There are 2 protein chains.
Amino acid sequence: MPEFRRDPVSGRWAIIAPERGKRPTDFLLPEENTKEGRCPLCPGSEDLTPPEVLALGRPEEAPPNSPGWKVRVVPNKYPALIPGEIEKETEGLYERFSGAGVHEVIVETPEHGKSLVRFSPNELALVFEAYRLRLEELARDGRWRYVLIFKNRGARAGASLSHDHSQLVALPLIPELVKIELERSRIYHERNGECLFCKLVKSEQNGPRRICENERFLAFMAYAPRQPLETWIMPKKHRSDFLDHFDENLEALCDIFLKVFGKLEAILPGLPYNFVLHTAPLGSAPLPYYHWHFEIIPCLTRVAGFEWGTGAYIVPLLPEEAAAFLRDISP
Amino acid sequence: MPEFRRDPVSGRWAIIAPERGKRPTDFLLPEENTKEGRCPLCPGSEDLTPPEVLALGRPEEAPPNSPGWKVRVVPNKYPALIPGEIEKETEGLYERFSGAGVHEVIVETPEHGKSLVRFSPNELALVFEAYRLRLEELARDGRWRYVLIFKNRGARAGASLSHDHSQLVALPLIPELVKIELERSRIYHERNGECLFCKLVKSEQNGPRRICENERFLAFMAYAPRQPLETWIMPKKHRSDFLDHFDENLEALCDIFLKVFGKLEAILPGLPYNFVLHTAPLGSAPLPYYHWHFEIIPCLTRVAGFEWGTGAYIVPLLPEEAAAFLRDISP
């Protein structure tokens with residue numbers, strides 16, 4: 001069983017997951033882990049993954065775990081967390097609990113080699129629909145407090161498979177960075193009587209970091225990014241939960257996503273990147289101080305000694321300059 | 001001028017340093033940035049760096065910036081920060097101040113291709129001696145609150161030059177991660193009447209994560225690491241500042257360093273890694289609650305979507321298993 005551990009000095013969490021595991025001597029493998037042969041995420045290879053938890057787009061008469069799907073969700077074969085009892089243990093300075101959770105892979109397309117930027121709006125809508133269905137299902141489970149949805153694209157960005165996919169992890173705790181966002185925005189709201197994110201949207205909409213927008217969403221460069229070209233996508237209206245007004249937002253969300261990735265891809269073809277969805281914790285009532293949003297983090301510079309030692313990031317590109325560049329480019 | 005910026009949502013700091021800078025389209029370069037030709041850190045190429053601020057081991061009669069040195073410290077040619085006035089500016093949600101600081105390169109050896117693990121104890125002692133002299137000098141300057149010393153080894157770990165070197169950055173603020181360590185250990189001391197680090201040393205010394213020790217230092221695997229094989233080196237006696245009892249500690253420090261890196265190198269030859277020195281802020285009186293220490297962070301897994309989204313790290317190797325492995329290996 002994997003476990004959560006808290007560093008006694010910094011308070012930082014780690015998930016020790018030897019199930020994914022290797023021997024200490026196994027780590028220096030080549031960067032590009034091209035396991036050629038059958039791609040386990042392609043149609044026809046459904047037997048190479050654990051049985052699916054969701055498939056969208058397959059004719060109803062076809063059996064589960066057969067081809068014909070447009071989006072497919074399967075448990076991660078090498079999970080960082082596995083469902084189980086949550087048992088805490090504190091011993092002296094050391095705090096740990098069992099690594100109970102859910103780790104799934106959302107296969108975004110049946111087409112190997114088709115990257116998200118080339119999806120049609122309808123294809124992308126099905127991916128978000130899969131997010132929605134999994135979020136709803138995992139909320140009903142009752143054991144999880146948070147579901148983090150994220151994507152690693154490209155070997156440099158940590159993807160071990162090249163077939164486009166995103167991942168989700170259901171956690172028995174609220175992740176530290178989300179906690180910090182919630183706490184800081186709650187305090188801001190208390191002090192200023194307005195939502196920090198609403199204020200941010202207003203300010204970024206008329207500012208030098210704006211990339212593009214539509215009637216419902218704004219995309220802008222982060223003011224203090226972790227990587228060059230770090231881009232945030234945020235609902236303009238006050239919405240704390242990704243599932244809030246989901247159907248109404250869907251078309252505009254696909255539109256802004258394809259615009260942003262089209263622009264990024266036009267500047268840096270094949271860009272390796274990560275994105276994460278930050279949303280209110282599972283089962284929250286609507287929060288007056290929070291907005292769900294996507295953070296898109298290109299993988300262009302290295303996390304190195306300075307970042308490990310300070311927690312701050314050196315970024316060699318002005319967000320305002322990057323935004324001007326992206327604004328002017330049409331995919 | 002570079003600038004410090006604080007993210008209005010998370011509070012995280014970034015240094016925007018377009019001086020190092022590139023155009024947005026310049027970023028997708030090959031991983032190994034082997035600028036062959038003359039290595040700017042080799043003896044005989046002193047004209048390729050800014051004029052040195054320190055050289056150790058060169059005969060006194062030789063002129064500055066000439067060969068013959070054993071360790072040489074030069075300003076970074078592409079600095080993340082540059083000396084200057086510290087001007088703050090807050091505008092609505094956005095907090096920034098000028099990127100004033102010092103960014104230097106410590107060339108650890110005249111021998112290109114000789115890595116730290118193959119240094120003699122005396123050669124390594126000169127590197128630490130250079131750290132000491134620069135820390136003392138930068139403390140006298142009066143403008144800086146903290147000096148972070150770190151090393152990036154290998155292209156995967158962010159080193160843009162293969163000639164072994166470490167770096168230092170003098171900062172007008174205490175880095176967030178150091179602040180958190182100081183704050184948490186101060187509170188621990190207040191509540192428990194003992195030093196968290198002293199307690200940690202005692203506990204790790206007899207525990208399953210111990211790697212090796214000598215009369216003055218202990219090396220152990222971090223309980224909740226950010227990377228497989230993350231290793232900490234800590235003085236056994238209570239010392240909050242790296243400069244405290246420096247001369248007395250030096251031989252033992254070199255000994256433990258060479259032991260640890262010898263073991264790591266024996267398991268994973270050519271291991272890319274980062275290390276950072278955490279010590280008390282410049283000019284602190286001795287702190288009753290803090291220990292200076294080195295954190296050695298191998299570069300073996302990727303910071304990816306999960307880590308960006310949560311602030312927690314997935315580590316596929318048990319620290320206890322890694323420690324057992326390292327304990328048994330002799331370089």
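Student: At its relative accessibility, what does His112(A) count as?
Tutor: Quick caveat: this is a predicted model, where local features need pLDDT of at least 70 and side-chain atom pairs pLDDT 80 or more, while totals for chains, interfaces and linings use all residues. Residues run from 1 along each chain as written, chains are lettered from A and ligands numbered from 1 in the order written, and side-chain values use heavy atoms, without hydrogens or water. Buried is under 20% relative accessible area, exposed over 50% and partly exposed in between (1.4 Å probe, protein chains only). His112(A) has 43% relative accessibility, so the label is partly exposed.

Student: Which residues is His112(A) in contact with, leaving aside its neighbours within four places in sequence?
Tutor: Contact here means heavy atoms within 4.5 Å. His112(A) sits in the loop between β7 (102–107) and α1 (121–141) of chain A; helices (H or I, at least four residues) and strands (E, at least two) are DSSP runs, numbered from the N terminus. From that loop, its contacts beyond four places are Cys39(A), Cys42(A), Ser162(A) and His163(A).

Student: The UniProt "binding site" annotation covers Cys39(A), Cys42(A), His112(A) and His163(A); what is the largest C-alpha distance?
Tutor: That annotation comes from an unreviewed entry, its positions follow the numbering used here, feature names are shortened, and annotations may be inferred rather than shown by experiment. These residues are spread over 125 residues of sequence, yet they cluster in space, with a largest C-alpha distance of 8.3 Å.

Student: Does Cys42(A) count as buried or exposed?
Tutor: Cys42(A) is also in a loop, the one between β2 (13–16) and β3 (54–56) of chain A. Beyond four places in sequence, Cys42(A) contacts Trp69(A), His112(A) and His163(A). Its relative accessibility is 16%, so Cys42(A) counts as buried.

Student: Which residue's backbone oxygen lies 2.8 Å from a polar atom of the side chain of His165(A)?
Tutor: UniProt, in an unreviewed entry, puts "active site" at His165(A), which lies in strand β9 (residues 165–171) of chain A. At a relative accessible area of 7%, His165(A) is buried. Its side chain has a polar atom 2.8 Å from the backbone oxygen of His163(A).

Student: What turn lays chain B on chain A?
Tutor: Copies are superposed by least squares on the C-alpha atoms of residues with pLDDT of at least 70 in both. For chain B on chain A, the RMSD is 0.0 Å and the shift along the axis 0.0 Å, with a turn of 180°. The two copies are thus related as by a two-fold rotation axis, and the turn is 180°.

Methods
A polar contact is a pair of N or O atoms within 3.5 Å; within protein, one must be able to donate a hydrogen and the other to accept it, and residues adjacent in sequence count only if both atoms are side-chain atoms.
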